[in-house]
Amino acid sequence: MKYALDPTPFHSTHSVLEFPRLAAELGFEYLQLTPHPDVIPFFTHPKADDELVAKLKAECAATGVQIASILPVLRWSSPDENLREAAVRYWKRAIQIAVDLGVNQMNTEFSGRPEQPEESEAAFYRSMEELVPLIEREGINVAIDPHPDDFVEEGLAAWRVIRGVNSPNLSFVYVAAHTFHMKDEPLAIMDTVGDRLRVVHVADTMNHHASHGLRYITNPPGNPVRVHQHLKIGDGDVNWDEFFGGLVSNGFTEREETVMVTSVFAENERAHEVSRYQLEAMRSRVAAAQAAHSVAR
């Protein structure tokens with residue numbers, strides 16, 4: 001398993017070419033390349049040319065930090081056919097960037113619309129018909145996250161959509177900060193997905209269902225909002241003993257290809273301190289969960 005830094009909190013203070021050295025300084029051997037205006041921005045065509053990609057690859061080699069995964073967010077499930085077709089083109093370039101960087105893991109969101117679930121699912125499968133042959137030919141694995149405010153937000157329902165593509169190159173992302181939006185119990189999701197769980201994002205969040213659903217109040221009531229945070233471990237309501245125990249039982253922590261990413265976005269002013277804290281917390285909790293699992297056996 002690879003422990004990776006999500007450099008999103010540093011986007012405004014560091015250039016993309018500084019990310020590998022930053023990750024090394026924070027104690028990480030891997031990083032996850034998330035949407036960035038100079039590489040693969042949210043929703044639009046990738047902006048990195050071959051020269052920038054080569055420079056980034058050279059920085060990784062110089063620092064000994066590898067890119068564990070690349071996370072594009074593109075509208076490949078859009079009910080708007082023009083946007084869907086454009087997203088497929090953007091995905092092709094994003095895949096080429098991954099290949100050129102020597103990265104074989106990508107992860108993403110469904111990127112459809114919850115008010116148009118049937119149309120979005122149909123668009124998703126249309127995109128898969130065109131992209132899966134390329135994904136399989138290039139040896140890329142694409143893991144997908146049921147993100148809040150998407151056409152599929154529940155964990156097991158999302159897995160069924162992924163499974164329906166019928167490709168071993170598609171897998172599942174479990175984002176701990178989305179735990180209370182996924183409806184299904186974390187252990188049920190991990191157990192059902194099995195070794196197709198390839199990426200986890202580690203960040204805490206509050207349970208918005210608590211206090212009779214009044215922990216967060218929006219005005220007017222009934223607004224179609226999806227409230228969640230990406231807090232550091234221990235600042236929310238995620239059951240971390242269950243989470244890490246589930247990953248150990250799943251075998252996630254023992255597989256070479258899996259990626260555990262710290263994804264705290266709530267404390268940019270303390271990003272260095274929080275990143276180091278997250279790495280130590282992830283390592284120590286994995287070790288504790290492995291020890292408990294060994295004793296239980």
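**Notebook: helices, caps and a few single residues**

Entry 1, helix 3. I began at the N-terminal end of helix 3, where Asp-80 acts as the cap, with a side-chain oxygen 2.9 Å from the backbone nitrogen of Asn-82. I note here that the model is a predicted one. Helix 3 covers residues 81–101, which is 21 residues. From its first C-alpha to its last I get 30 Å, close to the 30 Å expected at 1.5 Å a residue. At the other end I looked at what follows helix 3 and found Gly-102, with a positive phi near 75 degrees.

I then listed which residues of helix 3 are buried. They are Arg-84, Ala-86, Ala-87, Val-88, Tyr-90, Trp-91, Arg-93, Ala-94, Ile-95, Ile-97, Ala-98 and Leu-101. I note that the list includes two arginines, Arg-84 and Arg-93. What do the buried residues of helix 3 pack against? I found four strands and two helices: strand 2 (30–33), strand 3 (66–70), strand 4 (105–109) and strand 5 (141–145), together with helix 2 (50–63) and helix 4 (117–137).

Entry 2, Ser-77. I stepped back along the chain to Ser-77, which sits in the loop between strand 3 and helix 3. Is Ser-77 buried or exposed? Its relative accessibility is 0%, so I count Ser-77 as buried. I looked for a polar partner and found that the side chain of Ser-77 reaches the backbone oxygen of Phe-110 at 2.7 Å. Leaving aside neighbours within four places in sequence, I find Ser-77 in contact with Phe-110, Ser-111, Gly-112, Ser-120, Ala-123, Phe-124 and Phe-151.

Entry 3, helix 4 and helix 5. I took the axes of this pair and got a separation of 10 Å and a packing angle of about 35 degrees. The crossing of helix 4 past helix 5 is right-handed. On the helix 4 side I list Glu-121, Phe-124 and Tyr-125, which meet Arg-160, Val-161 and Gly-164 of helix 5. Phe-124 was already in my notes as a contact of Ser-77.

I also looked up Glu-119, another residue of helix 4. Its relative accessible area is 41%, so I enter Glu-119 as partly exposed. As a distance check I took Glu-119 to Glu-185: 27 Å between C-alpha atoms, with the two positions 66 residues apart in sequence numbering.

Entry 4, helix 5 and helix 6. Helix 5 is residues 155–164 and helix 6 is residues 186–193. Their axes come within 9 Å and cross at roughly 15 degrees. I therefore enter helix 5 and helix 6 as roughly parallel to each other. The crossing of helix 5 past helix 6 is right-handed. Helix 5 makes the contact through Gly-155, Leu-156 and Trp-159, and helix 6 through Ala-188, Ile-189, Thr-192 and Val-193.

Entry 5, Arg-196. I moved on to the loop between helix 6 and strand 7 (197–202), where Arg-196 lies. Arg-196 has a relative accessible area of 22%, and I count it as partly exposed, because buried needs a value under 20%. The side chain of Arg-196 reaches the backbone oxygen of Ser-167 at 3.0 Å. Apart from neighbours within four places in sequence, I find Arg-196 in contact with Trp-159, Ser-167, Pro-168, Leu-170, Ser-171 and Phe-172. Trp-159 is also one of the helix 5 residues in the contact with helix 6. From Arg-196 to Ser-120 I read a C-alpha separation of 23 Å, at 76 residues apart along the chain.

Entry 6, helix 8. I looked for the N-terminal cap of helix 8 (residues 240–250). Asn-239 is the cap, with a side-chain oxygen 3.3 Å from the backbone nitrogen of Asp-241. Just after helix 8, I find Gly-251 with a positive phi of about 90 degrees. The buried residues of helix 8 are Trp-240, Phe-243, Phe-244, Gly-246, Leu-247, Val-248 and Asn-250. Their cover includes strand 6 (170–175), strand 7, strand 8 (259–262), helix 6 and helix 9 (271–296).

Entry 7, Phe-19. I closed with Phe-19, in helix 1 (residues 19–25). Phe-19 has 1% relative accessibility, so I count it as buried. Which residues does Phe-19 touch, not counting those up to four places away in sequence? I list Pro-7, Phe-10, His-11, His-14, Leu-31, Leu-33 and His-36. Between Phe-19 and Ile-67 I get 10.0 Å, C-alpha to C-alpha, at 48 residues apart in sequence.

Notes. Residues numbered from 1 in each chain as written. Predicted model: local features only at pLDDT ≥ 70, side-chain atom pairs only at ≥ 80, totals over all residues. Heavy atoms only, no water. Expected span 1.5 Å × (residues − 1). Buried < 20%, exposed > 50% of the residue type's maximum accessible area, 1.4 Å probe, protein only. Contact = heavy atoms within 4.5 Å. Polar contact = N/O pair within 3.5 Å; in protein donor to acceptor, adjacent residues only side chain to side chain. Axes fitted to C-alpha atoms, helices over the stretch in contact; angles between N-to-C directions. Parallel < 35°, antiparallel > 145°, perpendicular 65-115°, else oblique. Left-handed = near helix turned anticlockwise from the far one by under 90°.
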